[in-house]
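Let's walk through this one together, starting at the metal and working outward. Have the viewer open and follow along.

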Amino acid sequence: MEMKTNTHRPIDTAVQDAINDQIQAEFQSAYIYLAMSAKFEHMSLNGFAHWLRLQWQEETAHAMKFYEFLLQRDGVVELKELERPAVSFSSPLEAFEQVLEHEQYITSRINNLYDLATEKRDYPLQNLLQWFIDEQVEEEDSARSVIDSLKLIGDAGPNLFLLDRELGARQPE
Ligand SMILES: [Fe+2]
Ligand SMILES: [Fe+2]
């Protein structure tokens, strides 16, 4: 009897499509945060701008994690269109509420992707997504902590200057 070895199992098409959509979503996140960063720079809140620029970098790294994964799995990367980031806010608090809302949306996407990976019994993708599940907890938590600070100090005045300084000290991960 010949022993069956299943060393090469091609990536499922539905899984591949979903990963390509997620690459797009991560790049879109990066784009949104970069637009927000520019707006903060105009408001002379350079610390907020710095924080968001690091977030732009992180989101790009997230997109590239999925990109590398797909290539490693012998999948086909398909880069998609990005939308013009419709960034509009009138205060730092409003901006960070938008960041939190966006990250909650990304979390729901990651969860859906995990459901698909489970359904398709794609174990390597489940493993990769464990990292993203933890990362989303961190992303939501860090947005929430800026919101909490802004609520505490009232979104203006000398304390905003101090918070700007604090956010300006953020280091890349
Ligand atoms: Fe992300
Ligand atoms: Fe992060």
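**From the iron ions outward**

Start with the iron ion called ligand 1: its protein donors are Glu-26 (OE), Glu-59 (OE) and His-62 (ND1), at 2.1 to 2.2 Å from the metal. Keep in mind that this is a predicted model, so every distance here is computed from predicted coordinates. Reading along the chain, these donors follow the pattern E-x32-E-x2-H.

The short end of that pattern is easy to find on screen. Glu-59 and His-62 both sit in helix α2 (residues 46-72), three residues apart, or about one turn of the helix. Why does that spacing suit a pair of donors? An α-helix has 3.6 residues a turn, so residues three or four places apart point the same way. Both donors are also tucked away: Glu-59 is buried at 1% relative accessibility, and His-62 is buried with a relative accessible area of 2%.

Stay on His-62 for a moment. Besides donating to the iron ion (ligand 1), its side chain makes a polar contact with the side chain of Glu-59, at 3.1 Å. Leaving aside residues up to four places away in sequence, His-62 touches Glu-26, Trp-131, Phe-132, Glu-135 and Glu-139. One of these, Glu-26, is another donor of ligand 1, while Glu-135 takes us on to the other iron ion, ligand 2.

Ligand 2 has Glu-58 (OE), Glu-135 (OE) and Glu-138 (OE) as its protein donors, lying 2.0 to 2.7 Å away. Their spacing along the chain is E-x76-E-x2-E. What separates Glu-135 from Glu-138 in the helix? They are three residues apart in helix α4 (residues 123-153), which means about one helical turn lies between them. Their surroundings are worth checking too: Glu-135 is buried, with a relative accessible area of 5%, whereas Glu-138 counts as partly exposed at 30% relative accessibility.

Now move to helix α5 (residues 158-168). Here Leu-160, Leu-163, Asp-164 and Leu-167 are buried. They cover an arc of only 105° around the axis, so they lie on the same side of α5. Turn to the other side of α5 and you find Pro-158, Arg-165 and Glu-166 exposed. What do the buried residues of α5 pack against? Their partners are α2, α3 (92-119) and α4. Two of those helices should be familiar by now: α2 carries Glu-59 and His-62, and α4 carries Glu-135 and Glu-138.

Zoom out for the whole protein. There are five helices and zero strands, so the elements run α-α-α-α-α from the N terminus on. The C-alpha trace spans about 80 × 30 × 25 Å along its principal axes. Of the 173 residues, 42% are buried. Among contacts with a separation of 6 or more, 81% are between residues 24 or more positions apart. As for the outside, the protein exposes about 10200 Å², and carbon and sulfur atoms supply 51% of that area.

Notes. Residues numbered from 1 in each chain as written. Chains lettered and ligands numbered in written order. Predicted model: local features only at pLDDT ≥ 70, side-chain atom pairs only at ≥ 80, totals over all residues. Heavy atoms only, no water. Donors = N, O, S within 2.8 Å, 3.2 Å for Na, K, Ca; no water. Helix = DSSP H or I, 4+ residues; strand = E, 2+ residues; numbered from the N terminus. Buried < 20%, exposed > 50% of the residue type's maximum accessible area, 1.4 Å probe, protein only. Arc of directions from axis to C-beta. Contact = heavy atoms within 4.5 Å. Polar contact = N/O pair within 3.5 Å; in protein donor to acceptor, adjacent residues only side chain to side chain. Areas by Shrake-Rupley, 256 points an atom, 1.4 Å probe, with all protein chains shown as cover.
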